[in-house]
Amino acid sequence: MTTKIKDTQKMIEDVLSVYPEKSKKERAKHLAANDPTGQCSTCQVKANVKSRPGVMTVRGCAYAGAKGVVWGPVKDQITISHGPIGCGQYSWWSRRNYYNGQTGIDAFGTMHITTDFQEKNIVYGGDKGLDLAIKELHGLFPLGRGIGILSECPVGLIGDDIEAVSKRVAKEINIPIVPVRCEGFRGVSQSLGHHIANDTIKDYVLGKGTLEKTTPYDVNLIGDYNIGGDAWASRKILEEMGLRVIAQYTGDSTINELGIASKAKLNLIHCYRSMNYICRTMEENYGIPWMEFNFFGPTKTFDSIRKIAAKFDEKIRKNSEAVIAKYTPLMEKVVAQYRSKLEGKKVMLYVGGLRPRHTIGAYEDLGMEVVASGYEFGHADDYKRTYPELKEGAVIMDDATLYELEEFTRRLKPDMVGSGIKEKYSYHKLGVPFRQMHSWDYSGPYHGFDGFPVFARDMDMTVNSPTWDLIRRKNEKNL
């Protein structure tokens with residue numbers, strides 16, 4: 001064990017020292033000093049287990065994973081939050097999934113639709129109300145190509161038969177109705193919600209779309225939710241390479257796109273955590289190979305372009321080199337503009353599915369160093385992909401508490417923290433530069449050649465804003 005790893009491990013032990021012995025022992029399994037080789041057994045964190053009772057977590061639930069991530073961005077499906085109003089309201093305003101279309105006519109992604117459970121529904125059930133809601137929505141929005149019923153916790157507790165309602169009403173109105181059993185209490189975190197939602201796509205939609213003709217260059221853009229327009233930025237690159245994107249899965253997506261995804265020649269997956277399930281399913285059932293790619297920052301983007309092109313013929317490989325040559329001067333100009341302002345700045349990340357590792361290269365392109373990173377709901381395979389991306393001795397965190405995040409901040413003294421909406425205002429109060437990296441703090445895109453200039457500008461604006469010094473003067477004791 002090297003000195004760097006030993007020093008970080010000692011810091012972790014100091015942070016955990018305030019916990020009761022049992023909690024300290026449990027949390028120690030989820031925090032480690034990074035070993036880029038992945039060979040140090042004590043440097044690997046435990047993941048995808050239930051949060052310890054009494055230790056505050058910032059995770060989301062299965063409903064959040066299904067609604068906020070997988071089904072929510074499908075623009076021409078009318079998504080019903082079946083249950084009390086609160087969960088649907090929260091999931092409605094907290095994400096940004098851009099789409100083409102006219103809201104309320106042929107696109108419904110930003111609409112909040114709920115059966116609004118009351119006490120009587122808990123006692124007598126909500127099946128009748130759900131039946132009426134579906135029929136009313138079909139009358140109000142005739143261009144809706146499907147209806148999704150996403151169940152909240154009370155629905156699972158009282159046993160509403162959403163499958164029976166869906167089957168019966170689908171025959172009457174002749175559009176797909178998808179029941180999604182994503183009650184929030186199910187599973188460990190929102191990760192199960194991703195899996196449940198993908199299973200319903202497989203069972204009710206996949207393979208049932210119409211596509212006039214196929215080409216050897218048909219691909220699916222998987223696991224991009226178009227936060228701030230990222231899927232559009234990624235699609236632009238793929239099309240300049242000569243590929244045809246037949247499905248954006250699920251940002252700015254349609255029911256038919258999900259249906260024809262089974263006809264692609266290659267699945268390109270961006271968010272591994274939320275979509276590896278469906279990629280494996282399509283590989284098993286339709287023989288479609290899949291590969292991860294990373295369009296954050298020029299280094300990773302150029303590397304991914306070449307790896308994608310290697311799956312196709314000489315025409316695509318030639319086009320890809322032309323794309324790289326075209327955009328290299330632009331990327332160099334962005335680096336030249338911002339690197340001098342950001343060189344040597346330290347970053348701490350704690351986000352969801354892909355950003356704790358995918359954004360590392362983009363920060364490094366700007367001369368910044370990621371000193372700590374972790375996932376709210378990562379699995380062991382996420383961390384195996386992360387270890388090689390981080391420097392030796394960096395802190396690896398799984399399901400971290402707000403106390404742990406703040407203590408690591410005090411000790412590591414990062415120049416910027418990238419995390420989620422639940423952590424944002426705590427860091428503002430601490431006077432620590434912060435970016436909300438779930439939804440780009442209402443900026444974006446961050447992907448691809450369109451996104452990197454925005455990413456670099458936002459990091460400079462965050463780290464170097466004079467505002468933080470005004471807050472720090474009032475919070476010097478806290479830091």
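Is Asp-441 buried or exposed? Select this residue to begin the tour of this predicted model. Asp-441 has a relative accessible area of 15%, and it counts as buried because the cut-off for that term is under 20%.

**Stop 1: the loop after strand 14**

Keep Asp-441 selected and display the backbone around it. Asp-441 belongs to the loop that runs between strand 14 and helix 20. Leaving out residues up to four places away in sequence, Asp-441 touches Lys-424, Phe-434, Arg-435 and Gln-436.

Next, select Trp-440, which is found in the loop between strand 14 and helix 20. Trp-440 is buried, with a relative accessible area of 1%. Its phi is near 60°, a positive value in a residue other than glycine.

Now select Gly-444 and Pro-445. The peptide bond that joins these two residues is cis, with omega about 0°. Pro-445 lies in the loop bounded by strand 14 (434–436) and helix 20 (448–463).

**Stop 2: helix 19**

Lys-424, one of the contacts of Asp-441, leads to the next selection. Select residues 421–430, which form helix 19. Its buried residues are Ile-421, Glu-423, Lys-424, Ser-426, Tyr-427 and Leu-430. Gly-431 follows helix 19 and has a positive phi, near 80°.

Another positive phi can be found at Lys-413, a residue other than glycine, where the value is near 50°. Lys-413 is placed in the loop between helix 18 (402–412) and strand 13 (416–419).

**Stop 3: two nonpolar cores**

Which residues touch the most other members of the largest nonpolar core? Select Trp-71, Met-241, Ile-308 and Tyr-363, which have this role among the 94 residues of the core. Helix 14 (residues 314–342) supplies the largest share of this core, with 9 residues. Another core lies apart from it and has 23 residues, including Leu-16, Tyr-350, Val-371 and Val-417.

Return to Trp-71 and display its surroundings. Beyond residues up to four places away in sequence, the contacts of Trp-71 include Ala-66, Leu-150, Val-178, Val-180, Ala-197, Ile-201 and Leu-258. Gln-77, Thr-79 and Thr-200 are also among the residues that Trp-71 touches.

**Stop 4: strand 5 and the loop that follows**

Select Ile-177, which is placed in strand 5. Ile-177 counts as buried, at 4% relative accessibility. Draw a line from the C-alpha atom of Ile-177 to that of Gly-148: the two residues are 29 residues apart along the chain, and these atoms are separated by 5.7 Å. Residues up to four places away in sequence aside, Ile-177 touches Ile-134, Ile-147, Ile-149, Ser-166, Val-169, Ala-170 and Tyr-204.

Then move to Glu-183, in the loop between strand 5 (177–180) and helix 9 (190–204). Glu-183 is buried, with a relative accessible area of 3%. Which side chain makes a polar contact with the side chain of Glu-183? The partner is the side chain of Arg-181, at 3.1 Å. Not counting residues up to four places away in sequence, Glu-183 also touches Ala-62, Tyr-63, Ser-151, Glu-152, Cys-153, Val-155 and Gly-156.

**Stop 5: helix 9 against helix 12**

Two packed helices are described by the angle between their axes and the distance between the axes. Select helix 9 together with helix 12 (residues 272–286): these pack at an angle of about 30°, and their axes are 8 Å apart. The crossing of helix 9 and helix 12 is right-handed.

Display the side chains where these helices meet. Helix 9 contributes Ser-191, His-194, His-195, Asn-198 and Lys-202, while helix 12 contributes Arg-273, Ser-274, Met-275, Tyr-277, Ile-278 and Thr-281. The residues of this contact divide into 3 nonpolar, 6 polar and 2 charged.

**Stop 6: two final selections**

Select Tyr-249 and Thr-250, which are joined by a cis peptide bond with omega about 20°. Thr-250 is part of strand 7 (residues 244–250).

Finally, select Ala-394, in the loop between helix 17 (380–386) and strand 12 (395–398). Ala-394 is buried, with a relative accessible area of 5%. From Ala-394 to Ser-373 the C-alpha atoms are 7.7 Å apart in space, and the two residues are 21 residues apart in sequence. Neighbours within four places in sequence aside, Ala-394 is in contact with Thr-8, Ala-32, Ala-33, Asn-34, Val-370 and Val-371. Val-371 was named at Stop 3, among the residues of the core of 23 residues.

Notes. Residues are numbered from 1 along each chain as its sequence is written. This is a predicted model: local features need pLDDT of at least 70, side-chain atom pairs count only at pLDDT 80 or more; totals for chains, interfaces and linings use all residues. Side-chain values use heavy atoms; hydrogens and water are left out. Helices (H or I, at least four residues) and strands (E, at least two) are DSSP runs, numbered from the N terminus. Buried means under 20% relative accessible area, exposed over 50%, partly exposed in between (1.4 Å probe, protein chains only). A polar contact is a pair of N or O atoms within 3.5 Å; within protein, one must be able to donate a hydrogen and the other to accept it, and residues adjacent in sequence count only if both atoms are side-chain atoms. Contact means heavy atoms within 4.5 Å. A nonpolar core is a set of buried Ala, Val, Leu, Ile, Met, Phe, Trp, Tyr and Cys residues joined through side-chain atoms within 4.5 Å. Axes are lines fitted to C-alpha atoms, for helices over the stretch in contact, and angles run from 0 to 180 degrees between N-to-C directions. A crossing is left-handed if the near helix is turned anticlockwise from the far one by less than a right angle, and right-handed if clockwise. Ala, Val, Leu, Ile, Met, Phe, Trp, Tyr, Cys and Pro count as nonpolar, Asp, Glu, Lys and Arg as charged, and the others, Gly among them, as polar.
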